[in-house]
Structures are given as C-alpha cells and as structure tokens.
Amino acid sequence: MKSYRLVSREVKNEKTLVRVKDAVFGGRKVVVIAGPCAVESREQLLAAASRVSQAGAVMLRGGTFKTRTSPYSFQGLGEEGLKILAEASLETGLATITEVVDQASLELALEYVDMLQIGARNMHNSSLLCMVGRSGKPVLLKRGLSATVEEWLLAAEYIVAAGNDNVVLCERGIRTFEHVTRNTLDLSIVPLVQELSHLPVIVDPSHATGDRHLVVPMSRAAVAAGADGLILEVHPQPERALCDGFQSLSTDEFDCLMPGLRAIAATVGRVA
Ligand code: PEP
Ligand code: MN
C-alpha cells in the first residue's frame, strides 16, 4: 500500500469529479480559471471578470489574503476583496476561488466564494488542511514550493481524511537550481499523478514560469499533457498590477489564448 490511501487509485479507481457551480473538474472539459493575482479594486476585478468570462473562463480567481514573500508587499484587501469577488460572480455567473491562510480568512471566505485555495506556502500546514477538510467546500491544493509528489498527495490525504473529497491538485512549479524561470514547471507529474490518484490535476503556468511570454506555450503544453484545467493570472492592465504583473496575461492576450487551447483540447479528446 502507498503511504497515502484515500486519494490513491488503489482505494478508489474511478476519477473524482469536483463540481464548483457549473465547472466540473475531472470530466471531459478542461476547466479554465482566470483572473488577477490579487483583488485590487472593484473596477479592476469587474473588468477582468467580464473579459475572462466572455473569452470562455468558467471560474474567476482573485487573492484577498496574500501570502507575499515580503511583509512590505501588498497584502490584499481582506473581506472587502471577498465582497468584490462575490459581486463579480453575481454579474458574470463565474464561480470564484480565493486563497485562505488561517482560520479567520477561512471563515470569511466560506461566506463569499465557491472554492478555497491552499497556496504553495501552506501546503505543509496540516492544521489548515484539516480545517478546509472539515469545511466541506471544494479545495484547490497547490503543490508546495519544494514538495515531492508523495508529500503533496499526503497533504491532499489530510483534507480527504477530514471528510472532504472535493479536492483538486495544482502543479505550480517547483524550486530547482534553475533561476531563469521563477519556478520549474514539472509537467510530467500531471499524467503521473493522474495515474497515482483519482483527484483532478490542474496546472498554474503563471506561477510556474513567472513570465507572461512563457504562459501561453506552457498553457498549451499543459492541456496537451492532459491537465484537467488551468489557473491563469489575467489583469486588465498587467503593467499596473500590485502583484505578479510580470506573469499576468492582459485580457487581450487571454482572448487570443483560448481558441488555441480549444484546438489542442480536441486533439486529446477534451473540450476547453
Ligand atoms: C496564487 O495563486 O496567488 C499564489 C500565491 O500561488 P502559489 O501559492 O502557487 O505561489
Ligand atoms: Mn500571483
């Protein structure tokens, strides 16, 4: 037996479908989540939401409790940002996802969003994993900065063991000796983890590369590799973003990306 059980194909062979409003992770459709790194203002988020929705995204991302490397960087709008996310969802019909970092942010997020995100920096936070597990809300679990596949699946096991099997895994690049990209996108683990686990696996090419010029080719590669979805940073004015502007696609760039993804999805028996 593997060290992880409930998330393993040894215990459950059929693929788990995770439903978040109209989005279904793990089915035929490649679920595209798009939106800014952080909710910065009502204008910024509503502009991003309407454009990504028109282009074919089914979920909206936006951080309001940011786990920034520096304490001097923008830390997010907190509850005010969650209210803006809820308004954007009402306006566009998009389901929403935001990162939670502790019990207080979790309790607030539960009132406003459709899916919770556990960030790479919190993948090892077992008490937070248990809390989101007990919440029952769908969870996107990012791979830790230097986590092995086994450690990542054991983190997912914490959530499922706490009673929540609505877990989607997200490969977001790992830390290696190579610094020419922000992280190293470990794409080969997508089909590998899909074999080891019944949970859906999506890819975050924005944090994996750190460079918007690499986001388009790596999004295509992820869909070709069989990813169950993508989470992409998209900003109406990336050059003015308070967070991760360099890796954010403009709304026009996101428009151009989507038709190509649909074509690639079709070649691997999926729709996007
Ligand atoms: C994010 O998606 O906003 C984020 C902080 O990503 P990660 O946790 O993968 O660094
Ligand atoms: Mn970001």
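V203 is a good place to begin, and it is buried, because its relative accessibility is 0%; buried means under 20% relative accessible area, exposed over 50%, and partly exposed in between, found with a 1.4 Å probe on protein chains only. This is a predicted model, in which local features need pLDDT of at least 70 and side-chain atom pairs count only at pLDDT 80 or more, while totals for chains, interfaces and linings use all residues. Residues are numbered from 1 along each chain as its sequence is written, chains are lettered from A and ligands numbered from 1 in the order in which they are written, and side-chain values use heavy atoms, with hydrogens and water left out.

Where does V203 sit? You will find V203 in strand 9, residues 201–203. Strands here are DSSP runs of E with at least two residues, helices are runs of H or I with at least four, and both are numbered from the N terminus. Setting aside residues up to four places away in sequence, V203 touches ten residues' worth of names you can look up, including C170, L185, V190, A222 and I231. Contact means heavy atoms within 4.5 Å. From V203 to D186 the C-alpha distance is 9.5 Å, with their positions 17 residues apart in sequence.

Now look for the metal. Which residues hold the manganese ion (ligand 2) as protein donors? They are C37 through SG, H207 through NE2, E233 through OE and D244 through OD, at 2.0 to 2.4 Å from the ion. Donors are N, O and S atoms within 2.8 Å of the metal (3.2 Å for Na, K and Ca), and water is not among the atoms, so sites may look incomplete. Along the chain, the donors of this ion follow the spacing C-x169-H-x25-E-x10-D. H207 belongs to helix 7 (residues 205–209) and D244 to the loop between strand 10 (229–235) and strand 11 (249–250), so this pair ties together parts that are 37 residues apart in sequence. H207 counts as buried because its relative accessibility is 9%.

D244 has another feature to notice: its phi is positive, near 60 degrees, and it is not a glycine. Most residues other than glycine have a negative phi. K21 also has a positive phi, about 50 degrees, although it is not a glycine. K21 lies in the loop between strand 1 (18–20) and strand 2 (23–25), and it is partly exposed, because its relative accessible area is 48%.

Next, turn to the helices. Two packed helices are described by the angle between their axes and the distance between the axes. Helix 4 (residues 126–135) and helix 5 (residues 149–161) pack at about 40 degrees, with axes 7 Å apart; the axes are lines fitted to C-alpha atoms, for helices over the stretch in contact, and angles run from 0 to 180 degrees between N-to-C directions. This makes helix 4 oblique to helix 5, because angles under 35 degrees count as roughly parallel, over 145 as roughly antiparallel, 65 to 115 as roughly perpendicular and the rest as oblique. S126, L129, C130, V132 and G133 of helix 4 meet A155, Y158 and I159 of helix 5. By class, the residues of this contact are six nonpolar, two polar and no charged. Ala, Val, Leu, Ile, Met, Phe, Trp, Tyr, Cys and Pro count as nonpolar, Asp, Glu, Lys and Arg as charged, and the others, Gly among them, as polar.

Helix 4 has its own buried residues, L128, L129, M131, V132 and G133. They pack against helix 3 (103–112), strand 6 (115–118), strand 7 (139–142) and helix 5. After helix 4 comes G136, with a positive phi near 80 degrees.

Helix 5 has a further partner in helix 6 (residues 189–196): their axes come within 12 Å and cross at roughly 50 degrees. These two helices are therefore oblique to each other. V149, W152 and L153 of helix 5 make the contact with I189, V193 and L196 of helix 6, and its residues are six nonpolar, no polar and no charged.Finally, visit L85 in helix 2 (residues 79–92). L85 is buried, with a relative accessible area of 0%. Beyond its neighbours within four places in sequence, L85 is in contact with V39, L45, L60 and V113, among others.
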